[in-house]
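Visitor: I would like a close look at a single part of this model, followed outward into its surroundings. Please take the time to connect the pieces as you go.

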Amino acid sequence: MSTGLSDWVNLDNIGAFYPFAGAEWLLVLTAVIFWIWWHVKAIRQENQEMEEARKHFRKIGLDKAMDPKGKARLPENRK
Amino acid sequence: MEDQLEALTIIFTEFYYWVTVVMMFLIHVGLLAYEFGATRPKNLAQTLTRHTMGLAMVTITWFLFAWWFYWAFTNGPFITGGILSNDFTAAALPWSQNMGPNLDDNIQGVFWAAFLLFSWVMASILSGTMIERVRTGAFMILAVVIGSVTWVWHASWGWHPEGWTTQLLGYHDAYASGVIHALAGGACLAAAIVLGPRTGKFGPNGEVRDIKPHNPFQSVLGLFIIYTGFWGFYAACNIPIIDISPVEETIRFGTTTIYGTPTTLSAITFNFLMSLTGGLMAGYLVSRGEPYWTLSCGLAGIISASAGNDLYHPIIAMFVGAIGAFIAYKMHFFVEHRFKVDDPVGAIAVHGYAGVWGLIACGFLLWGYPAASAAPESIQWVDSIGWLGTTPGGDPAINPLGMIIGAVLTFGLFGFLATWVVCKILAAAGILREPVEIELAGADTYANMDMYPYQEGAVTPFEEIERGYANNPTTENQ
């Protein structure tokens, strides 16, 4: 697959030398989508983990979770 | 010969900025070490990840839009002109071929990175104030806001030779007392207020409880590393070699600030070290030799003098730094006791109050100096520049009122107000602060991410107090 240059002979005629030069708008569009998606995904993932943690702490008792000898740990079924 | 000289100048400049970027990475090594040391063991992994990912969020958005903001918003936009459109703005657009490997443009990426590293500082400073209770997802959004929107927006006004506050108000802030530090401090204050203190930080009678850093040595070492990176930042704020002769027929190579005004590497070397010394000396006395605050005051000293460190005498820089450090220390504890603001790393004081002092001091001490060369053609909708004073040569003059307005814009508007609004929105969406159970148990506890697995079981006196909240984990305690 040729995505751009095939030689370095005439340097004066070479400007941008990355693959898909000329399609930068498409690359930018993918980056914007990736960036927004990443925020949404990260927040959802965090929501889910925090809810699981809260349930677990309620189940074992928060006092136990804070007790250094009985520190709450990831339930076995999630490891 | 002239072409060879020009080529040498360009290659030297490229390499110079490239090296400053590497040096500025040390700021982030230091800030992370500082913040990590101030965090308790149960939150360490979350702190490391949150801080670092904030930098990633600033980077992607710096590429997508923030770099263009810097070049396009110098007139507001819509204060003294519209959105700028010229060769610089075109080259900074994310789809520009200058924004990638290009044999016709060797330096765009290096400039982009130098400014990006400044932007990382904004997110990093905010991260420290919010430790042990902010949610990672919310912080990522705040990192984008402060790192890629608010600071750079103001920088295009006041940290640009043709920005409207530079040209009209005579705002001059050579090494960013205001554009970075006062603005970051204002943002930290807003975030600390909306977020609220760590549960149990203030007792039922309003008493302030000491939540000790888990590793004070690491925090102090982090501060020393920040000094090192700050040196790189100072270097990056200069144009290292350029013809500064005002006469076309003669060539005189020298160094300039970001405003294009002459200074020397000698000047900033003297003043960086003397303002650091002033801060350290004041910090040692006022904190009675407490290492955490002595070194923090050293940083406050540099920040205080930074606005005018291109022009101050070294002894002036020392006294400006000493006074700024004193103000930062006193204000930190006053605000903590009086208003119950929990700032675990002292960022509001060291960056915010010291930065504001630095701007005001600069306005008086450098009153009448040229803020930048006059550029009336860059201000589109008004006919004159230097509204608060001009030099005999017609350049906008540095003056106290312009610098005070700059302090209000940095600390108050772009720092405090903008961050307060975004934090309120995140709080209303329920994603700003960790649920109280998570905060009390520790962000790392459930996922079993001990950073010091062999220290499990160590309990500080404050954690004994904190356990008292476990039987009633409501948000009213926060």
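Where is the place of A176(B) in chain B?

Guide: The model is a predicted one, and the place of A176(B) in it is the loop between α6 (164-169) and α7 (177-195) of chain B. The backbone is worth a close look there, since A176(B) is not a glycine and nevertheless has a positive phi of about 75°. Most residues other than glycine have a negative phi, and most peptide bonds are trans. As to its surroundings, A176(B) counts as buried because 27 C-beta neighbours lie inside 10 Å, the cut-off for that class being 20 or more.

A second residue of chain B invites a reading alongside this one. F78(B) is also a residue other than glycine with a positive phi, in this case near 75°, and its place is the loop between α2 and α3 of chain B. With 10 C-beta neighbours inside 10 Å, however, F78(B) counts as exposed, because that class takes in residues with 12 or fewer. The loop between α2 and α3 (87-92) of chain B also holds P77(B), and the peptide bond that joins G76(B) and P77(B) is cis, with an omega of about -5°.

From that loop one can turn to α2(B) itself, and to its packing with other helices. Two packed helices are described by the angle between their axes and the distance between the axes. Within chain B, α2(B) and helix α5 (residues 136-158) pack at an angle of about 35°, with their axes 8 Å apart, and their crossing is right-handed. On the α2(B) side the residues that meet α5(B) include Q46(B), R50(B), M53(B), M57(B), T61(B), W62(B), F69(B) and Y70(B), while among those that α5(B) contributes are T136(B), F139(B), M140(B), V144(B), G147(B), V152(B), W153(B) and S156(B). Divided by class, the residues of this contact are 15 nonpolar, eight polar and one charged.

The helix α2(B) also takes part in the contact with the other chain. Helix α2 (residues 44-72) of chain B and α1(A) have axes that come within 11 Å and cross at roughly 140°, which makes α1(A) oblique to α2(B). The crossing of α1(A) and α2(B) is left-handed, whereas that of α2(B) and α5(B) is right-handed. In the contact between the chains, V28(A), A31(A), V32(A) and W35(A) of α1(A) meet I60(B), T61(B) and L64(B) of α2(B), and by class these residues are six nonpolar, one polar and no charged. T61(B) therefore appears in both settings, since it is listed among the α2(B) residues that meet α5(B) and among those that meet α1(A), in a helix that is oblique to α1(A).

Chain A, the partner, has two helices and zero strands, and of its 79 residues 9% count as buried. The contact as a whole takes 32 residues from chain A and 33 residues from chain B. On the side of chain A that touches chain B, the elements giving two or more residues are α1 (24-60) and α2 (62-66) of chain A, and the largest share, 15 residues, comes from α1(A). The residues on that side of chain A divide into 22 nonpolar, three polar and seven charged.

Returning to chain B, the sheet completes the picture. Three strands form an open, antiparallel sheet in the order β1-β2-β3, with β1 (239-243) and β3 (262-263) of chain B as the edge strands, each pairing on one side only. The pairing of β1(B) with strand β2 (residues 253-256) of chain B runs over three bridges in the antiparallel sense; in it, I239(B) has T256(B) as its bridge partner, and D243(B) stands opposite F253(B). On the other pairing, two bridges join β2(B) to β3(B), again antiparallel, and T256(B) stands opposite P262(B) there. T256(B) is thus a partner of I239(B) in β1(B) and of P262(B) in β3(B). The hairpin of β2(B) and β3(B) has five residues between the strands, and in it G260(B) takes a positive phi near 80°.

Note on methods: Residues numbered from 1 in each chain as written. Chains lettered and ligands numbered in written order. Predicted model: local features only at pLDDT ≥ 70, side-chain atom pairs only at ≥ 80, totals over all residues. Pairing = 2+ DSSP bridges. Helix = DSSP H or I, 4+ residues; strand = E, 2+ residues; numbered from the N terminus. Contact = placed C-beta atoms within 7 Å. Nonpolar A, V, L, I, M, F, W, Y, C, P; charged D, E, K, R; others polar. Axes fitted to C-alpha atoms, helices over the stretch in contact; angles between N-to-C directions. Parallel < 35°, antiparallel > 145°, perpendicular 65-115°, else oblique. Left-handed = near helix turned anticlockwise from the far one by under 90°.
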